[in-house]
Amino acid sequence: MGTPQTSHVLSLEGVSKTYDGAQKPALDNVSFAVRAGEFFSILGPSGSGKTTILRTVAGFEHPDEGKIVMGGKTVNGVPPFKRDVRTVFQSYALFPHLTVRENVEYPLRMRGEAKAIRSGKALEALELVEMSTFCERLPHQLSGGQRQRAALARSIVSRPTLLLLDEPLAALDLRLRQQMQHTLVALQRELGIAFMYVTHDQGEALSMSDRVVVLDEGKIAQLSTPREIYFAPSNEFVSRFVGRSNLVPVKFETAEGGAIGKIEGTGVPGLLAPRAGPARMAIRYEAVQISTLDGSQHPGTLRGVVEDVLFMGTNCEVNVRCGALNLIGTVPAVRESTFLVGQPVQVSFDVQNTQVFYD
Ligand SMILES: Nc1ncnc2c1ncn2[C@@H]1O[C@H](COP(=O)(O)OP(=O)(O)OP(=O)(O)O)[C@@H](O)[C@H]1O
Ligand SMILES: [Mg+2]
C-alpha cells in the first residue's frame, strides 16, 4: 500500500475467533491496518462480526488465532486498561451520579492527574463537542444527543491514539444523527486521533470515512475508499450491501472483438465483455434511465410498464416490469409525478455505472 508500517496505529494480522459453542467463526482470518489519524469504518450487516473486532482490539475478547499489533507491539495478552484506546458504546454509559464535568474528568482522575490539569483538559474536551455550558448537569438532565456528546468528551479527554466507536449514533433521531456525523468528522480532523467506527449504516460509513472495510460473515469482503466501494464493488455482496442496485441476469454473446451483453434478449450498446457466457450485472438505481414512450424505441432500450412508484423526498423510485425482470430506477421528484402505475415506459442504462459478475 506504500504506507510505512510505523504510521499504522493498529493492525490485525490473520485474526480468527469462534465463540464457545458457536458453529461458525465470528471472525475468519481478518487482516487490516488503521493508519494514524485516519477515519476508518467497519461496515457490515448484523452479526457480521463488527463488535467482535472492536472488543478484540479493546482487549475484552481474545483471538483464537492471529495478532493484534498496536504501536508496533503485539498486544494480544495486554489487559484493556493498558491499551492506548478508548471506546464509545451505543449506550453512552455515563456515571449517573456524577456531573458532566466529573464524568469527563474521570479517566484523568484514574490516571492520577492533578485537579487543576484535570479540569482544564475536561473543559477543553467539552468545548470541542460544544458542551461546555452543561458542565454542572447530571446525565439525566441531558437529551440523548447531549449525553452522547458528553460520552464523546470523556473518551477523547485522555487523547488516546485510537478511538473505537460502536454504532454511537444508533439511538439518536435522524436530524441529530446527521448533526453528530458532522461533529464527529470535524472532531476527528481537529484531534488527529484515528477513529475506528462501527456501523451497519452504509450512508454513515460512506460519508464520514477515509477508508471502509466491508464485513461479510466474519470475512473481509472489501477494504477501500468510500468511492471505490461504491463505484467499484469487488463482489456481489458489496454491490448488494452498499448503495441500491438491481441485480439482473445478463448473457454475453460473441461479437466482433469480444462479447456483447444482452438483457431480456435486448443487446445493450456499450455493454461489452472479454468473453461470452452468462453473468449477473449490478445496476445502481441512479444508472437506470426511465423515459416515457415517444413512439420510437431507441436501440438498447427495454420496454416496460410502471409497477409502482415510491416518493422518497428528493427523488422517486420507479419500479418497472420489463418482461420477466423488474428494474428500479430513481428519477428526480417533482410535485406532480411524471410516472404513474400502469404507464408504458422505456428503460436504458448508464453502462459506465454497472458491474458485471461472473459465477
Ligand atoms: N458472547 C458471544 N457468545 C457467542 N456468540 C457471540 C457472542 N457475541 C457475538 N456472538 C456471535 O458472533 C457473531 C458476530 O457478532 P457481533 O456482535 O460481532 O456482530 P455485529 O456485526 O456487531 O452485529 P450487530 O450489527 O447486530 O451489532 C454473531 O453471529 C453473534 O451471534
Ligand atoms: Mg454490534
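1. First, a bit of vocabulary: two strands count as paired if DSSP finds at least two bridges between them. Bear in mind too that what you're looking at is a predicted model. By that criterion, strand E1 (residues 8-17) and E2 pair up, antiparallel, over 6 bridges. If you want one spot to click on, take Leu-12, whose bridge partner in E2 is Phe-32.

2. Zooming out a little, that pair belongs to an open sheet of 4 strands, ordered E2-E1-E4-E5 with antiparallel pairing. At the edges sit strand E2 (27-35) and strand E5 (73-74), each of which pairs on one side only.

3. Now for the helix on this sheet. Helix H1 (residues 50-58) lies across E1, E2 and strand E4 (65-70), and runs at about 115° to E1. Which residues of H1 are buried? They are Lys-50, Thr-52, Ile-53, Leu-54, Thr-56 and Val-57, so don't expect a purely nonpolar list: Lys-50 is on it by the neighbour count, where buried takes 20 or more other C-beta atoms within 10 Å. Just past the end of H1, Gly-59 adopts a positive phi of about 100°.

4. On to the domains. The assignment for the protein chain gives domain 1 (5-241) and domain 2 (245-357). Taken over C-alpha atoms, the domain centres are 40 Å apart. The contact itself draws on 5 residues from domain 1 and 6 residues from domain 2. On the domain 1 side, the residues touching domain 2 break down as 1 nonpolar, 2 polar and 2 charged.

5. As for packing, the largest nonpolar core has 59 residues, and the ones touching the most other members are Ala-153, Leu-162, Phe-195, Met-196 and Val-214. Val-214 is worth a look: leaving aside neighbours within four places in sequence, its contacts are Leu-43, Gly-44, Ala-221, Gln-222, Ile-229, Val-238, Phe-241 and Val-242. Another core, of 16 residues, lies apart from the largest one and includes Phe-252, Ile-263, Val-318 and Val-320.

6. Last stop, a hairpin. Strand E17 (residues 315-322) and strand E18 (residues 325-332) pair in the antiparallel sense over 8 bridges. One of the partnerships to check is Glu-317, which is bridged to Thr-330 in E18. What sits between the strands of this hairpin? There are 2 residues, and Gly-323 takes a positive phi near 60° in the hairpin.

Note on methods: Residues numbered from 1 in each chain as written. Chains lettered and ligands numbered in written order. Predicted model: local features only at pLDDT ≥ 70, side-chain atom pairs only at ≥ 80, totals over all residues. Domains from an automatic or database assignment. Contact = placed C-beta atoms within 7 Å. Nonpolar A, V, L, I, M, F, W, Y, C, P; charged D, E, K, R; others polar. Axes fitted to C-alpha atoms, helices over the stretch in contact; angles between N-to-C directions. Core = buried A, V, L, I, M, F, W, Y, C linked by C-beta atoms within 7 Å. Buried ≥ 20, exposed ≤ 12 C-beta atoms within 10 Å, placed from the backbone.
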